[in-house]
Amino acid sequence: KVAIKGIERELICPACKELFTHPLILPCQHNVCHKCVKEILFAFEDSFADAGSESSNQSSPRIKLSSPSTDRIDRISRSGRKRNSLTPRSSLFPCPGCQRDIDLGERGINGLFRNFTLETIVERYRQAARAAIAIMCNFCKPPPQESTKSCMDCSASYCNECFKIHHPWGTLKAQHEYVGPTTNFRPKILMCPEHEMERVNMYCEICRRPVCHLCKLGGCHANHRVTTMSTAYKTLKEKLSKDIDYLISKESQVKAHITQLDLLLKETECNSERAKEEASQSFEKLYHVLEERKSVALRAIEASKYLRLEKLQTQAEEYQGLLENNGLVGYAQEVLKETDPSCFVQTAKQLHVRIQKATESLKSFRPAAETTFEDFVVDIAKQEEILGDLSFHSNGLEIPEINEKQSKMYNKALISWECPGKTDSADIYVLEYHKLNREEETTTWQEIEVCSKSKIISDLDDDSSYAFRVRGYKGSICSPWSREVVLRTPPAPVFSFLFDDKCGYNSEHLLLNPGRTSVESRAGFPLLLGSDRMQVGCYTTLDYIIGDTGIAKGKHFWAFRVEAYSYLVKVGVVSSNKIQKLFHNTHDVSSPRYEQDSGHDSGSEDAFFDSSQPFTLVTLGMKKFFIPMTPAAPKDPASRILPLPSCLGICLDCDKGKLGFYDAGCMKCLYECNVDCSGVMYPAFALMGGAAVHLEEAVTAKYGEYHDDI
């Protein structure tokens, strides 16, 4: 006898939330009513036809589905299903149990097994729930009698008399299998849904479903590992029995966990009420502060109002006195009636002063007080920003830190951050940035929500500085803002090119990578043989390579990295009308003074650099950046040597004829000179001995994903 009590939730369909009716086993091992499967598929097809609008199955108000996602629609459209049939033709089924799209295969619903075991358990539950309700005989004349047995072969219930009539002794029907009264009739033999005439006799361990021998021989289970049905039955039953025994043996432990969970539920309720009370108190404090500041501001405005009204009223009374027979004028007229000179002079002197002031006030009328209250406008911009950021702060949520080494400003901005504890304590991050502008009084931050620890930002202004900050969120709890990091964009739009492997490329001395983004010079046998022929002086060779794209106008910027072991590298630009000189000049020399930037500080060398050089290059090497000798350059050789940046940038302004060399990490200009841009300008590089140059990789979405993985 099966214990029915307490298992109801295991017998509820996840779609209709009612007891299972003819449940089908999905490939994901969840069970759904046969009717619900059809309704869900029809509703899913309708939502697909509506192309994104929210829809629900109109024929069944108990099932509601949200609109499908775009990738779902794409997959469904490829399956080619149609609505005009009684059976859904979709091969994709959105399982209500695991919320995943399940592939039903070519046969769709017809390829699913009915879960007869689950049907039997549901029927037992129903009988236990309605013990007083009897199952009536299907063959009695009205009124029907209560059935006493059910025939599994006939799928019908009988009373004793009707059973004898329909199953007489000595006939085949007398051999039918009968059980107690039931409404759950299941077949004696489980048939294969794909091969309807074959009974299942094997179990596929890969797909976890019964199969027939045809499925194994030439069907979709041909290469799968299968076992006999009896072996699978014995194995699964042993495992299930063992697990059930284990759970029963741990009943006391389960009860202890339930008791603990009950305490946690009560504790959660208490803590939530306490947190709500504390939050209310915090807001009440803010309300109190605001009310106090509001009262102070209103009192100040009211006091200013009375003071101004008093001044304006006094001024109005003074002007009222200037009218004839009123105030000052009337008094003056009475004084003029005085005939005694001594008395008149005694009174008229002071009166004349007052009359003069009144006369002057008439000539330049000015109110005694301002009517506007512009000085009393409350500036709440900063307070609004602070209140907008008001959230729950947790000491347990780590403050993220922007990694300046991994962050990058090039064609786009790549901002990367990390948590000090190296743990993903936050569910989501908010990255804010704004352009640093001295003219703007207020700062407006732009906000981006990010699920990873890096973000690529486009459409930033060239030659501008931006401040960045980030904070983490876990539910409604957020961390404080990280330290602000200021990064500068390149001085001009980024120019993309590759190394040219055709024009003047010396494959004996230079080695290009397959992508033509890196070049390396190799000091091999040709250099040794050349130096062997030289008995006096110094033998040097420079191998040149240029970019495969030229610049005719505008302002452009590109960046590259020079390996630390590089002995000598020259970088700059060359004009199209001087490329022939670049590749056909003699590189083998007997004196180091042949190079315009050899390091010798002679006046003739200065003149050569200014007037005779066919192209504009600067020298790098041995982790140093050498500023060329010019009249404006420092005379001290030591002051012309700078540390070589990890990433070097070049900015070419064809319109102004300027060439600048930058530290691409901080976008600081190291050296700038004039350049003749009469022709098409090409990026130029020269290497000698052991050296290597790598073009800076443009920031793309793939680039951000790569750094986020790191």
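This is a short selection tour of a predicted model, with three stops.

**Stop 1: strand 21 and its partners**

Select residues 465–474, which make up strand 21. Of these 10 residues, 8 are buried, so the strand is largely enclosed by the rest of the structure.

Next add residues 428–435, strand 18. Strands 18 and 21 run antiparallel and are joined by 8 bridges. To check the register, show Ile428 and look across to strand 21, where Tyr473 stands opposite.

Now add residues 485–488, strand 23. The pairing with strand 21 is again antiparallel, here through 4 bridges. A pair to display is Ala467 with Val486, its bridge partner in strand 23.

Then select residues 477–478, strand 22. Two strands meet here in antiparallel fashion, with 2 bridges joining strand 21 to strand 22. Keep Tyr473 on display: its bridge partner in strand 22 is Cys478, while Ile428 is the residue opposite Tyr473 on the strand 18 side.

What lies between strand 21 and strand 22? The two strands form a hairpin, with 2 residues between them. Pick Gly475 in the turn and read its phi, which is positive at about 70 degrees.

**Stop 2: Ala692**

Move to residues 691–695, strand 36, and pick Ala692 within that strand. Is Ala692 buried or exposed? Its relative accessible area is 3%, and the cut-off for buried is under 20%, so Ala692 counts as buried.

To see what surrounds Ala692, leave out residues up to four places away in sequence and show its contacts. Val519 and Glu520 are among them. Arg561, Val562 and Glu563 also touch Ala692, as do Tyr565 and Ser566. Leu687 completes the list.

With Ala692 still selected, draw a distance to Tyr567, C-alpha to C-alpha. The separation is 9.3 Å, for two residues that are 125 residues apart along the chain.

**Stop 3: the sheet of strands 2, 1 and 7**

Finish with an open sheet of 3 strands, in the order 2-1-7 and with antiparallel pairing. Select residues 31–33 for strand 2 and residues 113–114 for strand 7. These two stand at the edges with a single partner strand each, so one side of each has no neighbour in the sheet.

Then add residues 23–25, strand 1. Strand 1 is joined to strand 7 by 2 bridges, and the two run antiparallel. The last pair to display is Ile25 and, opposite in strand 7, Phe113.

Terms used: Residues are numbered from 1 along each chain as its sequence is written. This is a predicted model: local features need pLDDT of at least 70, side-chain atom pairs count only at pLDDT 80 or more; totals for chains, interfaces and linings use all residues. Side-chain values use heavy atoms; hydrogens and water are left out. Buried means under 20% relative accessible area, exposed over 50%, partly exposed in between (1.4 Å probe, protein chains only). Two strands pair if DSSP finds at least two bridges between them. Contact means heavy atoms within 4.5 Å.
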